[in-house]
Amino acid sequence: MAQFRTKARAVELLGKGQIADLPTAISELWKNGYDAYADKLSCNLYLPGYKDNQAPVFTLSDNGFGMSKHDILNKWIVLGTDSKARGRSFLTDEERFGKAIRVPMGEKGIGRLSVAYLGSPMLMLTKKKNQKCQLLFIDWRILENYNLFIDDINIPLSEFSTIEEFSISFLDMQADFQNNLNESQWRDQQTQLETITTDVESLIIPDFILEEIIPDFLQEEYHGTTFLIFQPNEQLLELADCFKNEDTDSITEIRRSLSGIYNVFVGIPNFSTAFNIIDDKGEYDIINDFFEHEDFNNSDHYIKGHFDENGLFTGIVRVFKETFNYTYRPVRSPGKTPYGPFDIELSVLEGTPKNTMLTPDMYQFMNSKTEKFGGLYIYRDNFRVLPYGRVDYDFLKFEERRTKKAGYYFFSHRNIFGYISIGREQNPHLIDKAGREGLIENKAYREFKKDLIQFFIALAMAYFKSTNEKDPNDTNSHSEQLIEIKKRNEKLLEAEKKKAKQTKAKFTQDLKDNENKIIILQNEIQQLYIQLIEESKKLNIAYNNYNDLVSILEDKKTELRSLRLAKPQRAKLSSVQERKFEEYKAEYTKTEEIIRSCNDEIVKVRKRFDLQNLKLDYEKRYTSQLREISLLVLSYKKRFETTSTKINNLFKDEQMAFSESFKNEVHSKVQSLNTLEEYEQAISNIIQIGEECKNQIEKRFTSFINHTENLNFDIDDDFLINWYKEQKEKLEEKLSATNELAQLGISVEINDHEFHVLYSQMANSINFLKEYAYNHTEIKDQFLQLQTAFQHMETNYKMLQPLYRTTRRQRTAFDGKYLINGMKAFFASKFTDYKISLDANEDFLQYDFFTYEAVITSVFINIINNAIYWLIPSLSRKICIEYLKDSNEILIMNNGEKIDDKIIEDIFTLFFSRKKDGRGIGLYLAKKSLNSIDFDIFATNDKKYNKMDGACFIIRPINKEY
């Protein structure tokens with residue numbers, strides 16, 4: 001007997017080991033097997049009907065260390081032991097079975113309780129090499145008794161070395177365990193007591209366990225652990241039902257969760273996992289078709305690199321066939337990240353076949369994989385961290401962003417496959433939750449997510465976002481290559497459609513033509529069969545009669561072969577066509593059977609030949625088969641000639657059509673030929689019409705020459721219509737968003753009057769309280785805090801006043817100094833918090849504006865607010881504004897992150913943003929507002945202007961030429 005060695009209520013301990021779901025529980029137990037240096041981890045769900053099995057049985061096995069009695073009593077049974085990660089024991093090569101050293105996966109010493117999630121009762125078999133097998137029995141439901149302490153529970157423990165000893169030990173253990181079921185301790189849980197008692201008493205070990213599992217544990221060299229669960233969890237039973245009913249959708253999430261437990265993306269693992277469903281029909285592994293490392297080559301795009309301890313990414317980005325070196329630094333304060341360095345590698349598949357560079361078959365194959373297993377997985381020391389990679393756990397919010405703007409936020413959780421690789425030592429602050437349902441939401445994890453989200457947004461903006469086809473300057477590697485890929489795929493698709501249509505039409509016609517032929521041929525062969533039977537019955541066989549019948553049969557075979565039809569793979573048949581084809585196949589098969597009967601009769605006749613006649617028959621058959629081979633090849637040659645003739649006739653028709661078109665066009669334009677001028681004009685017309693005609697000929701025949709057989713000359717191209725449809729959808733979306741923005745602005749302005757009234761009331765109240773607060777020290781500090789907050793709000797309110805439309809109808813005069821002081825007041829708290837300095841040269845301070853103050857103020861607020869965000873990673877944070885007299889330009893510069901040349905034009909596009917939670921509205925409105933008063937704004941990385949090597953904006957008159 002053994003006891004759990006800890007002072008705690010049973011239910012409390014069970015709660016500490018609570019697992020989120022079935023895949024997590026299995027994964028946790030597989031981690032233990034991995035730590036035990038197993039090279040095979042498997043689950044088997046035996047369904048009723050398998051051999052003598054009357055009820056479902058679930059097993060979870062590994063061929064790791066196994067445990068001795070000492071290990072069970074002093075390690076396994078001692079729950080809550082110190083983490084294996086902290087208390088590492090370095091094993092000898094022999095203890096590791098010659099395997100390489102592994103990083104321990106266990107953390108809290110309660111992972112073994114995951115087995116309780118799988119069901120009850122449970123029988124554990126475990127064996128160390130060259131030792132006896134240990135046997136432990138428990139029904140985990142006993143821990144649900146809130147009256148029991150752990151040390152009150154006795155757990156039957158035994159050992160065996162023969163099947164007979166096993167059977168006897170198990171019966172004894174059943175009886176021993178029932179000693180825990182004392183009614184005095186189950187007063188309030190009688191129903192649970194009766195259930196456990198009944199289940200334990202009625203438990204019988206199926207014969208297949210004695211035949212297939214126990215014998216392994218009787219071998220001296222064998223080692224490992226197997227858990228037998230006799231009343232599996234409902235999720236397992238549902239899984240069995242789904243499998244039997246072929247409901248693959250219900251199996252998908254468990255498959256997705258249990259696949260790729262070890263990081264196969266980096267190569268072949270040194271151990272395997274399996275989840276088998278076993279019934280009377282056989283065995284099926286539901287997790288056997290996960291990704292492989294080679295799949296990274298079978299994708300449209302590929303990203304690989306390393307985030308260092310400061311968050312800097314360095315790696316490569318492949319966009320279709322172009323590869324770029326890429327670096328990225330997240331917007332964060334300088335210094336080491338709390339989450340630590342990690343690697344990332346992933347591939348992306350285009351969302352539709354028309355956009356992919358893969359072959360149709362390869363795209364279909366990879367797309368089926370991403371539908372089942374697509375996602376970005378997290379591996380710690382190459383062992384998977386759940387639930388990352390599941391469709392329902394889109395922790396980087398790919399789909400949420402795509403619903404906002406799919407064209408900008410390119411990445412989709414469904415079309416990604418790859419991994420993030422972390423480690424226990426290099427990422428100590430990325431820690432599992434108690435129930436292993438993800439990583440703890442601490443600072444390290446929050447920043448880890450935030451920086452990765454910004455990384456993917458930056459990638460999308462730099463290489464993958466949708467572009468404006470009308471704007472030749474709006475382009476990127478993805479859009480440039482996509483145009484050619486789409487054209488190629490559209491041509492292939494159109495050709496495939498035409499080929500499928502032609503194939504279906506030919507098949508339909510052949511089926512119609514052959515329906516009567518096969519019946520006639522069948523009757524003829526049937527008559528021939530009767531003649532052969534009569535010939536075989538004769539006492540004296542005439543060779544010439546035999547030979548004539550055989551020759552006729554060979555001709556009928558050739559004729560039957562010509563009537564063979566194969567169902568077209570390129571085209572889908574209608575239900576009527578399917579039925580007719582099945583009927584035709586039945587008649588064809590019937591005819592083949594008659595021919596086989598004829599062959600049998602020929603063999604009977606041939607056995608009665610003497611040597612001379614056999615020799616003669618050999619020569620005849622040789623000559624006949626040679627002739628058949630030649631005729632068959634000749635028949636294919638004739639088919640080719642028929643196709644060639646058809647093509648030649650088409651060319652002749654086209655030649656005559658173009659010639660007639662040329663003649664008619666010339667005659668319609670050339671009415672009279674009398675003067676020099678009329679002849680000159682006629683010659684010009686002839687040349688023009690001839691060139692146009694030749695251009696049409698080239699356009700008509702170019703694709704046909706590339707796809708000679710089975711293609712018509714006409715090629716329908718809907719590219720222009722599709723383009724207009726796409727533009728219409730984009731404009732409607734843009735108009736809708738702009739209307740919403742306008743409504744928001746109107747609402748703000750309508751509410752301004754009410755806000756002004758509230759503001760005045762608050763100001764009066766604060767003035768009234770001022771004297772009272774200074775005379776009552778207990779509220780003085782609170783009042784000063786309120787007064788400071790109100791003064792800051794007052795400053796901001798006054799700064800925003802010019803932005804309302806009612807104040808934008810009059811031009812006003814103000815200088816640069818006034819504007820700088822306003823910005824310093826408006827951003828006072830942020831400048832203080834982030835230690836940012838705002839300076840301007842003397843020319844700007846003295847620069848006189850005479851325009852709409854609201855426009856200028858809103859533009860400067862917008863640009864400086866953006867600068868504050870991008871200055872965060874810098875050690876020294878500066879914003880500088882200069883006025884250049886010579887060129888009449890205003891420069892707004894900072895020493896933060898430089899704007900990437902690839903997106904320097906995009907930042908003024910509506911809804912374009914690289915900021916977290918950015919709306920992409922500010923710079924768009926700034927440009928539109930400045931344009932309305934004959935000014936323009938743009939960004940530049942030109943060294944002539946960008947003196948601080950960060951972001952640099954230029955404002956200048958729109959009508960001035962430069």
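The pLDDT is the predictor's confidence in each residue, on a scale from 0 to 100, and in this predicted model the protein averages a pLDDT of 80, with 81% of the residues scoring at least 70. Over residues 709–725, by contrast, the pLDDT is below 50, although this stretch has 25 contacts in the model beyond near neighbours in sequence.

An open sheet of eight strands, with mixed pairing, follows the order β7-β5-β4-β8-β3-β2-β9-β10. The edges are occupied by β7 (157–160) and β10 (282–285), each of which has a single partner strand, so that one side of each is left without a neighbour in the sheet. On average, and with direction ignored, neighbouring strands of this sheet are turned by 20 degrees against each other. Within the sheet, strand β4 (residues 122–127) pairs with strand β5 (residues 133–138) in the antiparallel sense over five bridges, and Met124 stands opposite Leu136 in β5. Helix α2 (residues 22–35) packs on the sheet, where it touches β2 (40–46), β3 (57–62), β8 (224–229) and β9 (272–279), its direction making about 140 degrees with that of β2. Helix α5 (residues 163–177) also packs on the sheet, touching β4, β5 and β7, and its direction makes about 30 degrees with that of β5.

A search of the whole structure finds 27 salt bridges. One of them joins Glu221 to Lys129, with the closest N and O atoms 3.5 Å apart; because Glu221 lies in the loop between α8 (214–217) and β8, and Lys129 in the loop between β4 and β5, the pair ties together parts that are 92 residues apart in sequence. Lys129 is partly exposed, its relative accessible area being 40%.

A further salt bridge links Arg380 and Asp432, whose closest N and O atoms are 3.2 Å apart. Since Arg380 belongs to strand β15 (residues 375–380) and Asp432 to the loop between β17 (416–422) and α13 (443–464), this pair ties together parts that are 52 residues apart in sequence; both Arg380 and Asp432 are buried.

Between Glu524 and Lys556 the closest N and O atoms of the salt bridge are 2.6 Å apart. Glu524 lies in helix α14 (residues 477–537) and Lys556 in helix α15 (residues 543–562), so the pair ties together parts that are 32 residues apart in sequence. Glu524 is partly exposed, with a relative accessible area of 33%, whereas Lys556, at 16% relative accessibility, counts as buried, because the cut-off for a buried residue is under 20%. Finally, salt bridges that share partners join Glu28, Lys31, Arg380 and Asp432 into one network.

How values were computed. Residues are numbered from 1 along each chain as its sequence is written. This is a predicted model: local features need pLDDT of at least 70, side-chain atom pairs count only at pLDDT 80 or more; totals for chains, interfaces and linings use all residues. Side-chain values use heavy atoms; hydrogens and water are left out. Two strands pair if DSSP finds at least two bridges between them. Helices (H or I, at least four residues) and strands (E, at least two) are DSSP runs, numbered from the N terminus. Axes are lines fitted to C-alpha atoms, for helices over the stretch in contact, and angles run from 0 to 180 degrees between N-to-C directions. Contact means heavy atoms within 4.5 Å. A salt bridge is a side-chain nitrogen of Lys or Arg within 4 Å of a carboxyl oxygen of Asp or Glu. Buried means under 20% relative accessible area, exposed over 50%, partly exposed in between (1.4 Å probe, protein chains only).
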